[in-house]
Amino acid sequence: MTITPEILKQIEEQRNSPQTSLRETSPGMEKNLYTLFPILDHGFIRIVDYMGNDSSVVQAARVSYGKGTKKARSDEGLIRYLMRHKHTTPFEMCEIKLHVKLPIFVARQWIRHRTASVNEYSARYSKLEDEFYIPEFENLSAQSGVNRQGRGEILPREEGMRVRDILMHDSQATYENYEKMLSQENQEGLSRELARINLPTNVYTQWYWKVNLLNLLKFIHLRIDPHAQYEIRVYAEKLAEIVADWVPMTHQAFVDYWLEGISLSMQQMELLKRKMNGEEITFETAGLSKREWNEFMQALDMEIP
Ligand SMILES: Cc1cc2nc3c(=O)[nH]c(=O)nc-3n(C[C@H](O)[C@H](O)[C@H](O)COP(=O)(O)OP(=O)(O)OC[C@H]3O[C@@H](n4cnc5c(N)ncnc54)[C@H](O)[C@@H]3O)c2cc1C
């Protein structure tokens, strides 16, 4: 589905036809509801629906009959306590339903997050659009020499052009063959479910994805990390912004205790205590593996000796 002016008009119409409800809403989410946020070259995230807000978390935690909220400060304190102590079920009381358009290779990583409900566009039933992800020059990097799952330096411009040409050429060629297989001089050709098997994984798919707030936070936590692939990270970054608007107190607690907080092993805690007592700690005296030592230094924002 290409984003046409008609689609944008439909979204605008939806946004201009407010409904009344007795339910709790979130001002930040109302601002974003139905809006389509472009991601990558043809992808997007669109918020279809949501349930709950920060007060729903508090309400569930207090198992109250009414709103359950008290003063904003006390609600915030409770949310931070829940997040800090991993008392997570109250965060499952909020839900979000998204319409996501993403390249198949991103979808393959995304679908590994099993705790969500998914309904994908059927390429058996409908024809796929001629839309392929082609990375921008600044995202065409060489294989990392240190991380087998990662990227290194950006390719020189000339090499980047060569790679983009190959990607564009192959995408176009396979799409032309896809169309050729589907029809033969106005006759019905191969079934869509078979014709699609020749398409590359940079072709775009779409799905509806419904998830509760807790599992959304888990998704963001894993996929916003610099170790995650850029092409899924950009979706996670947009989702983090959406969460910040939707449930600002929960988002702040999430950032403070999960995203930017660290968890230390017993041995690392011991080293930290020794260091605070003035002892000089080095890799040789720490008793950690090289990898764990490096991760420890990085976590503490200290230079790796
Ligand atoms: C940087 C990165 C690199 C990765 N590399 C690879 C790779 O090379 N190969 C690969 O196969 N995958 C890889 N993955 C995927 C990863 O192993 C997870 O499958 C994925 O991140 C989903 O995480 P999850 O299981 O916590 O999420 P969800 O499936 O959403 O689960 C959320 C939580 O629910 C619980 N849960 C869900 N299902 C079960 C279950 N069946 N049993 C017990 N508890 C369950 C767990 O507590 C889990 O943390 C990678 C992920 C990242 C972020």
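User: How do strand 1 and strand 2 pair, and over how many bridges?
Analyst: In this predicted model, strand 1 (residues 36-39) and strand 2 (residues 43-51) run antiparallel to each other, with four bridges between them. Ile-39 faces Gly-43 of strand 2.

User: And what links strand 1 and strand 2?
Analyst: They make a hairpin, with three residues in between. Leu-40 sits in that turn and has a positive phi of about 55 degrees.

User: What does strand 2 do with strand 3?
Analyst: Strand 2 also pairs with strand 3 (residues 95-103), again in the antiparallel sense, over seven bridges. Arg-46 has His-99 of strand 3 as its bridge partner.

User: OK, zooming out. What order do the strands of the open sheet come in?
Analyst: The order is 1-2-3-9-4, so five strands in an antiparallel open sheet. From one strand to the next, the twist averages 20 degrees.

User: Which strands stand at the edges?
Analyst: Strand 1 and strand 4 (117-120). Each has a single partner strand, so one side of each has no neighbour in the sheet.

User: Which helix lies across strand 3 and strand 9?
Analyst: That's helix 8 (residues 213-223). Its direction is at about 125 degrees to strand 9 (204-212).

User: Switching to helix 3 and helix 4: at what angle do they pack?
Analyst: About 75 degrees, with the axes 10 Å apart. Helix 3 covers residues 54-61 and helix 4 covers residues 72-84. Angles of 65 to 115 degrees count as roughly perpendicular, so that is how helix 3 and helix 4 are placed relative to each other.

User: Which residues make that contact?
Analyst: From helix 3, Asp-54, Ser-55, Val-57, Val-58 and Ala-61; from helix 4, Asp-75, Leu-78, Ile-79 and Leu-82. By class, the contact has six nonpolar, one polar and two charged residues.

User: New topic. How is the chain divided into domains?
Analyst: Domain 1 is 5-133 + 202-259, domain 2 is 144-199 and domain 3 is 266-299. The centres of domain 1 and domain 2 are 30 Å apart, taken over C-alpha atoms. Nine residues from domain 1 and eight residues from domain 2 take part in the contact. On the domain 1 side, four are nonpolar, two polar and three charged.

User: Last one: what surrounds the ligand?
Analyst: Arg-112, His-113, Arg-114, Thr-115, Asn-215, Lys-218, Leu-222, Arg-223, His-227 and Ala-228. That shell has two nonpolar, four polar and four charged residues.

Definitions and conventions: Residues numbered from 1 in each chain as written. Predicted model: local features only at pLDDT ≥ 70, side-chain atom pairs only at ≥ 80, totals over all residues. Near = placed C-beta within 6 Å. Nonpolar A, V, L, I, M, F, W, Y, C, P; charged D, E, K, R; others polar. Domains from an automatic or database assignment. Contact = placed C-beta atoms within 7 Å. Pairing = 2+ DSSP bridges. Helix = DSSP H or I, 4+ residues; strand = E, 2+ residues; numbered from the N terminus. Axes fitted to C-alpha atoms, helices over the stretch in contact; angles between N-to-C directions. Parallel < 35°, antiparallel > 145°, perpendicular 65-115°, else oblique.
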